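Biologist: Could you take me through one spot in this model in some detail? I'd like a close look at a single residue and its surroundings, with the rest of the chain as background.

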Amino acid sequence: MITVDEALTGREALLAAAGDHPYARHALRDDQAVRGWRHGGAVGWLLPPGEWSAGGAVGAPGPALDVFAAHRADGTLRAGQSINLPHADPDEVAARLPVARLIEWDFLWTTAPPPHQPEQERVERLTAADHPALTALIEEAFPSTTSRPGEPGIVDWYGIRDGDRLLACGADRSRADIGFLAGLTVAPGLRGRGLGAALTAGMTGALFARYDTVALGVYPDNLGAIRLYRRLGFTATERRTSIKLA
């Protein structure tokens with residue numbers, strides 16, 4: 001058992017404690033009865049059942065890990081659930097929690113539309129009729145993605161076509177008051193021609209019509225994508241650690 005510095009209830013209280021951190025704004029929806037805590041420089045929360053993650057935190061990773069380890073020990077968190085922490089040392093995580101899978105990734109965000117890119121006007125919102133083409137492109141170009149037609153949490157799909165052929169696609173996974181891009185994909189034979197930049201810029205511009213901040217996630221070893229995203233204005237970044245509990 002652990003005694004936190006302060007128990008927090010509701011999105012407004014959590015965001016105030018977290019300084020309106022963009023990751024917290026993305027994770028916490030307006031319609032959720034969420035509870036959380038402030039402890040030793042970290043602000044964390046538990047999400048209702050059925051959400052994409054059981055909980056998360058921003059701030060100092062050590063105190064966040066302390067609280068989540070206590071939740072796992074008392075059964076609040078169970079095997080198979082996932083949590084998202086500020087970047088934590090994998091050895092420290094493994095010493096405190098039973099880990100089935102640990103993934104490190106970067107959360108990038110921007111508060112301004114990107115500079116205009118050639119051909120970004122070709123980006124269009126797709127419909128359910130495009131799902132077979134989306135599925136075929138994803139299987140060919142990005143089979144490891146978790147963003148697929150019909151997946152919960154996807155608001156819209158966007159793409160670039162050449163006639164009937166889908167050349168590039170991306171998912172709008174916006175939550176709460178943060179726009180979020182996911183599953184950005186370009187057909188393998190067409191990479192390096194500016195389609196990724198056009199897709200990212202076009203989607204980001206579309207989301208800025210509804211949000212004041214747009215974010216995305218990228219693996220740290222995807223250096224080409226990171227260079228592109230930074231060029232398009234995604235210069236604010238935070239390394240994250242996602243853990244599936246054993």
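Modeller: Here is a walk around Thr185, followed by the wider chain and two loops.

First, the ground rules: this is a predicted model, where local features need pLDDT of at least 70, side-chain atom pairs count only at pLDDT 80 or more, and totals for chains, interfaces and linings use all residues. Residues are numbered from 1 along each chain as its sequence is written, and side-chain values use heavy atoms, with hydrogens and water left out.

Thr185 sits in strand S10, residues 179-186 (strands are DSSP E runs of at least two residues, helices are H or I runs of at least four, both numbered from the N terminus). With 2% relative accessibility, Thr185 counts as buried (buried is under 20% relative accessible area, exposed is over 50%, partly exposed is in between, using a 1.4 Å probe and protein chains only). So who keeps Thr185 company? Setting aside neighbours within four places in sequence, Thr185 is in contact with Leu137, Ala141, Phe142, Leu167, Ala168, Cys169 and Leu199 (contact means heavy atoms within 4.5 Å). Leu195 is 10 residues from Thr185 along the chain, and their C-alpha atoms are separated by 9.3 Å.

Stepping back, the chain has seven helices and 12 strands. Of its 246 residues, 49% count as buried, Thr185's class. Take the contacts between residues at least 6 apart in sequence: 66% of them join residues at least 24 apart. The C-alpha trace spans about 60 × 30 × 30 Å along its principal axes. The radius of gyration is 19 Å, which agrees with the value near 18 Å for a compact globule of 246 residues (taken over C-alpha atoms, the rule being 2.2 Å times the number of residues to the power 0.38).

Now the two loops. Asp20 is in the one between helix H1 (11-17) and helix H2 (22-27), and it has a positive phi of about 55 degrees although it is not a glycine. Asp20 is partly exposed, with a relative accessible area of 46%. Glu119 lies in the loop between strand S6 (99-110) and strand S7 (124-125). Its phi is also positive, about 70 degrees, and Glu119 is not a glycine either. At 38% relative accessibility, Glu119 is partly exposed.
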